[in-house]
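Here is a note for a colleague who is coming to this structure without prior knowledge of it. The numbered points go from the helix packing to the sheet, the domains and the ligand.

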Amino acid sequence: MKTIDLAIIGGGCAGLSLARDIALSLEGKQDGREVTVFEPRTHYENDRTWCFWSLQGEAEDPLVRCRWNSWQFSRNGETVLHRSSQSRYCLVSGADFYANAITTIERADGFDLRLGVQVKSVESCADGFRVVTTDGDYLARRIVDTRPPTYPKGNEAVLYQAFEGIEIETPHEIGDLEIANLMTQMHTDEDGFGFDYILPLGSGQWLVEATLFGFEPGCGSRLSEKLQSCLNRLVPDGDFRCLRTEKGMIPMGYRNPKPESDTGWVKAGTAGGAVRAASGYAYRRIQRWSRECARQFIESGEVSRHPEDSWPRRKMDFLFLRVLRSEPQLAPELFYRLTSRITPDAMARFMMDRASVLDLFAVMWSLPKMPFLRNLLKRDHRARRLPLQKGAA
Ligand SMILES: Cc1cc2nc3c(=O)[nH]c(=O)nc-3n(C[C@H](O)[C@H](O)[C@H](O)COP(=O)(O)OP(=O)(O)OC[C@H]3O[C@@H](n4cnc5c(N)ncnc54)[C@H](O)[C@@H]3O)c2cc1C
């Protein structure tokens with residue numbers, strides 16, 4: 001049985017980020033540590049884009065491919081346009097991220113990216129953990145486990161953000177090239193709260209997505225139809241070429257279950273609490289965690305979880321989700337009010353976990369009070385069932 005220092009289970013965003021950051025920190029050093037990433041995929045495709053806000057004073061992620069200083073929201077023909085000189089909405093393409101991480105990992109001594117290998121189980125043993133894979137067993141001193149969560153009864157997310165999108169090339173522009181349309185055509189129907197997400201990626205190139213905040217993990221079954229209606233509206237003559245498609249589901253308000261072992265085996269990424277409950281954004285949180293976890297691994301050989309959100313942020317996010325879940329018909333109005341009453345930079349800071357006390361106050365002030373009071377008094381069965389652990393994300 002091969003012995004390794006760190007087994008990273010899953011070579012997606014969190015797993016590759018961590019392996020890449022450890023490799024970068026050890027570059028040029030004779031360290032001798034063995035790190036293996038286990039990933040069932042046999043090859044990577046350009047299967048997603050990651051977007052996030054970048055705030056004033058922050059170094060820009062070198063992988064950013066598109067950036068916008070303006071973004072907008074709309075419902076029933078009313079539009080809120082945010083323009084900022086300080087914050088940018090940025091996009092990293094999956095293809096660039098994977099290529100960069102894989103190149104860094106492959107040139108590092110002692111690093112192994114095992115593609116086409118699935119982890120079947122992990123068992124605690126005297127010397128660490130026995131990792132049972134489809135390609136034999138490994139003995140690992142530490143484990144970072146990024147396998148996606150399942151949603152067993154009693155540990156469901158509050159809402160599920162499902163989306164289906166297409167990157168298209170058009171001979172004519174279908175909107176303003178300078179503006180990211182983050183939530184357009186906001187509406188509520190029997191599936192939940194829906195909107196379209198439309199990003200101009202360059203002249204004649206657009207990412208068009210139909211998005212839904214639904215109630216079950218499989219809530220997105222009608223998204224293809226919704227995406228088609230959105231395309232019919234944007235390109236009525238159907239004159240476009242499909243460059244690629246993407247789809248996914250992100251849990252919102254998911255409580256990560258108790259870790260399997262107290263020391264040495266941590267969950268990370270979506271399963272480890274990386275996703276911001278109220279927004280579904282995770283990329284920047286994963287990058288922050290990955291740098292910190294890499295630093296700790298190099299210094300002490302230990303691995304760390306995602307940091308726990310502060311109590312007010314957790315409470316606000318869960319209350320907001322509970323309102324959306326129990327009164328989804330209010331969602332377009334809530335988002336409209338929120339975006340029309342706070343500044344673009346306050347919004348960017350709020351979304352990127354950098355809100356000041358004043359920003360939080362502005363967010364609360366922007367929203368109608370009654371739905372929140374009604375839901376504050378209701379029993380929060382989902383949030384209470386699994387108390388957050390100390391140190392867990
Ligand atoms: C299409 C899409 C678009 C998104 N866009 C954004 C965005 O714009 N901004 C943002 O902030 N967040 C976004 N997210 C949310 C989040 O950032 C991503 O889901 C991100 O990829 C999560 O990283 P992860 O490592 O937890 O999961 P993944 O990247 O999904 O990685 C998990 C890995 O585990 C592997 N795996 C599964 N089972 C096993 C097994 N048994 N053994 C070994 N490996 C296994 C999988 O193959 C996969 O590679 C998006 C999510 C999706 C799905």
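1. For the angles used below, axes are lines fitted to C-alpha atoms, for helices over the stretch in contact, and angles run from 0 to 180 degrees between N-to-C directions. Please keep in mind throughout that this is a predicted model.

2. With that in hand, consider helix H5 (residues 311-326) and helix H9 (residues 369-376), whose axes come within 9 Å and cross at roughly 95°. Angles of 65 to 115 degrees count as roughly perpendicular, and H5 is therefore roughly perpendicular to H9. On the H5 side the residues that meet H9 are Leu 319, Arg 322, Val 323 and Ser 326, while H9 brings Pro 371, Phe 372, Asn 375 and Leu 376. Sorted by class, this contact consists of five nonpolar, two polar and one charged residues.

3. H5 also has a relation to strands, since the helix lies across strand S12 (159-169), S14, S15 and S16, and its direction is at about 85° to S12. These strands belong to an open sheet of seven strands, in which the order is S6-S5-S13-S14-S15-S12-S16 and the pairing is mixed. Strand S6 (78-83) and S16 are the edge strands, each of them pairing on one side only. On average, and with direction ignored, neighbouring strands in this sheet are turned by 15° against each other.

4. Within that sheet, S14 and strand S15 (residues 205-214) can serve as an example to follow by eye, as they pair in the antiparallel sense over nine bridges. One position to look up is Asp 196, which has Ala 210 in S15 as its bridge partner.

5. A separate pairing to inspect is that of strand S9 (residues 119-125) with strand S10 (residues 128-133), which is antiparallel and extends over six bridges. The two strands form a hairpin, with two residues between them, and Glu 123 stands opposite Arg 130 in S10.

6. As to the overall division, the protein is split into domain 1 (2-48 + 94-147 + 256-300), domain 2 (159-252) and domain 3 (311-385). The C-alpha centres of domain 2 and domain 3 are 24 Å apart, and ten residues of domain 2 are in contact with eight residues of domain 3. On the side of domain 2 that touches domain 3, strand S13 (179-189) and strand S14 (192-202) are the elements that give two or more residues, and S13 supplies the largest share, four residues. By class, this side of domain 2 has seven nonpolar, three polar and no charged residues.

7. Which residues are the closest to the ligand? They are Gly 10, Gly 12, Cys 13, Gly 248 and Gly 269, out of the 31 residues that surround it. The shell around the ligand draws at least three residues from each of domain 1 (2-48 + 94-147 + 256-300) and domain 2 (159-252).

8. Turning to the elements behind this shell, those that give two or more residues are helix H1 (13-26), strand S2 (35-39), strand S3 (49-54), strand S16 (241-252) and helix H4 (283-300). S3 gives the most to the shell, with four residues. The make-up of the shell by class is 16 nonpolar, ten polar and five charged residues. S16 thus deserves a second look, as this strand is listed among the elements of the ligand shell and is also an edge strand of the seven-stranded sheet.

Note on methods
Residues are numbered from 1 along each chain as its sequence is written. This is a predicted model: local features need pLDDT of at least 70, side-chain atom pairs count only at pLDDT 80 or more; totals for chains, interfaces and linings use all residues. Domain bounds come from an automatic or database domain assignment. Two residues are in contact if their C-beta atoms, placed from the backbone, lie within 7 Å. Ala, Val, Leu, Ile, Met, Phe, Trp, Tyr, Cys and Pro count as nonpolar, Asp, Glu, Lys and Arg as charged, and the others, Gly among them, as polar. Angles under 35 degrees count as roughly parallel, over 145 as roughly antiparallel, 65 to 115 as roughly perpendicular and the rest as oblique. A residue is near a molecule or strand if its C-beta atom, placed from the backbone, lies within 6 Å of it. Two strands pair if DSSP finds at least two bridges between them.
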